[in-house]
Amino acid sequence: MKSNALRADILLFITAAIWGVAFVAQRVGMDNVGPFTFNGVRFALGGLVLLPLALKRSNLPPLPHTLEKKRISLWLASILAGVFLFGGASLQQVGLLYTTAGKAGFITGLYVVLVPIGAFIFSKAKPGPGAVAGAGLAALGLYFLSMNESFSLAFGDLLELMCAVLFAGHVLIIGRLAPMVDPLRLAVGQYMVCALLNLLVAGCVEPLASQDILAAAIPIAYGGIMSVGIAYTLQVVAQQHAKESHAAIILSLESVFAALAGAIILHESLGLRELLGCSLMFAGFLVSQLWIKRNEAQT
């Protein structure tokens, strides 16, 4: 049992690293293609990587009687989740044109804190003290990380904040849909919907040239195959054996890997004020998750 847990933690650590480095790939890829083209191709690749695994799975087992009447079409679930994913991923990708990979990683990670707040708004599930404290720390960190001298949020950071809001909504809607359909098939479906929407927008606002896509092949392949396809699969495999508290903490390291990758590969730098902001935001992520898990363990 311990070996399985250790293996799961290692896989989650690799997943967080892959996702963190993906912010660098997303920035580099836009040296040759627009944000919507990049997202369209990478999500299509990610869906194709997962498709064989999804097709091999057996049919969804019968739902409990209380949920059986709520089963919905895989197509409808894929469209709903795909629209939220498209919105969040598009804002994140466009935002990377105006901010650093490291800052984007930390601000995007705010979705961890925003999920319990969204649950309260839409289902009246009262957030616990950990969610409130985590949100406060994260908001203070965002101030130090992104506010400029005129007390306004930098444009790229604002887009990443909007992205975090939509990703929080995506988490909430996935939580509702996943029990009603096969989760792996839902993942493939939402990736394909997201890819289609991105390519439709790209066809309207961006030049679509095959040579440009080929020039961005390496970052697109990383973003699609590694970040979407492989990392998602590793997460599914790992969370069969990992403790939820371990998973939440380890996966939150994605923001740290984004900052490290940005500094090492792109030579991005953070000042003392921005480092303080990152530290406060990361503390907010941890407080939000650890407090929830602690309460769950006591009940």
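Let's begin with helices α5 and α8, where α5 passes α8 in a right-handed crossing. Their axes come within 8 Å and cross at roughly 35°. On the α5 side, the contact is made by Lys103, Ala104, Ile107 and Thr108. On the α8 side, the partners are Asp157, Glu160, Leu161, Cys163, Ala164 and Phe167. If you sort the residues of this contact by character, you get six nonpolar, one polar and three charged. Please keep in mind, as you look at the picture, that this is a predicted model.

Let's stay with α5 for a moment. How many of its residues are buried? Eight of its eight residues are, which leaves α5 mostly covered. You can follow them one by one: Ala101, Gly102, Lys103, Ala104, Gly105, Phe106, Ile107 and Thr108.

Now turn to another neighbour of α5. Helix α5 covers residues 101-108, and helix α13 covers residues 254-265. The axes of these two come within 7 Å and cross at roughly 175°. An angle over 145 degrees counts as roughly antiparallel, so that is how α5 and α13 lie to each other. Here α5 contributes Ala101, Gly102, Gly105 and Phe106 to the contact. From α13 come Ser255, Val256, Ala258, Ala259 and Gly262. This contact of α5 with α13 divides into five nonpolar residues, four polar and no charged.

Next, a pair without α5. Helix α4 runs over residues 74-95 and helix α9 over residues 183-205. At what angle do they pack? It is about 55°, with the axes 7 Å apart. That makes α4 and α9 oblique to each other, and α4 passes α9 in a right-handed crossing. The list of residues that meet is a long read, so here are some to find on your screen. In α4, look for residues including Leu74, Ala77, Ile79, Val83, Leu85 and Phe86. In α9, the residues they meet include Leu186, Gly189, Tyr191, Val193, Leu197 and Val201. Taken as a whole, the contact of α4 with α9 has 13 nonpolar residues, six polar and one charged.

Now for two residues in loops. Val181 has its place in the loop between α8, residues 155-177, and α9. Is Val181 buried or exposed? Its relative accessibility is 4%, so Val181 counts as buried. Its C-alpha atom is separated by 7.6 Å from that of Ser73, although the two residues are 108 residues apart along the chain.

The other one is Pro207, found in the loop between α9 and α10, where α10 is 210-215. Pro207 is exposed, with a relative accessible area of 69%. Which residue is 174 residues apart from Pro207 along the chain, with 8.1 Å between the C-alpha atoms? That residue is Val33.

Finally, let's step back to the whole chain. The protein chain has 14 helices and zero strands. Of its 299 residues, 46% are buried. Among contacts with a separation of 6 or more, 90% are accounted for by residues 24 or more positions apart. As for the surface, the chain exposes about 14700 Å², and carbon and sulfur atoms supply 71% of that.

If you open the model afterwards, try starting from α5, with its eight buried residues, then find α8 through the right-handed crossing and α13 through the roughly antiparallel arrangement. Thanks for listening!

Terms used:
Residues numbered from 1 in each chain as written. Predicted model: local features only at pLDDT ≥ 70, side-chain atom pairs only at ≥ 80, totals over all residues. Heavy atoms only, no water. Axes fitted to C-alpha atoms, helices over the stretch in contact; angles between N-to-C directions. Helix = DSSP H or I, 4+ residues; strand = E, 2+ residues; numbered from the N terminus. Parallel < 35°, antiparallel > 145°, perpendicular 65-115°, else oblique. Left-handed = near helix turned anticlockwise from the far one by under 90°. Contact = heavy atoms within 4.5 Å. Nonpolar A, V, L, I, M, F, W, Y, C, P; charged D, E, K, R; others polar. Buried < 20%, exposed > 50% of the residue type's maximum accessible area, 1.4 Å probe, protein only. Areas by Shrake-Rupley, 256 points an atom, 1.4 Å probe, with all protein chains shown as cover.
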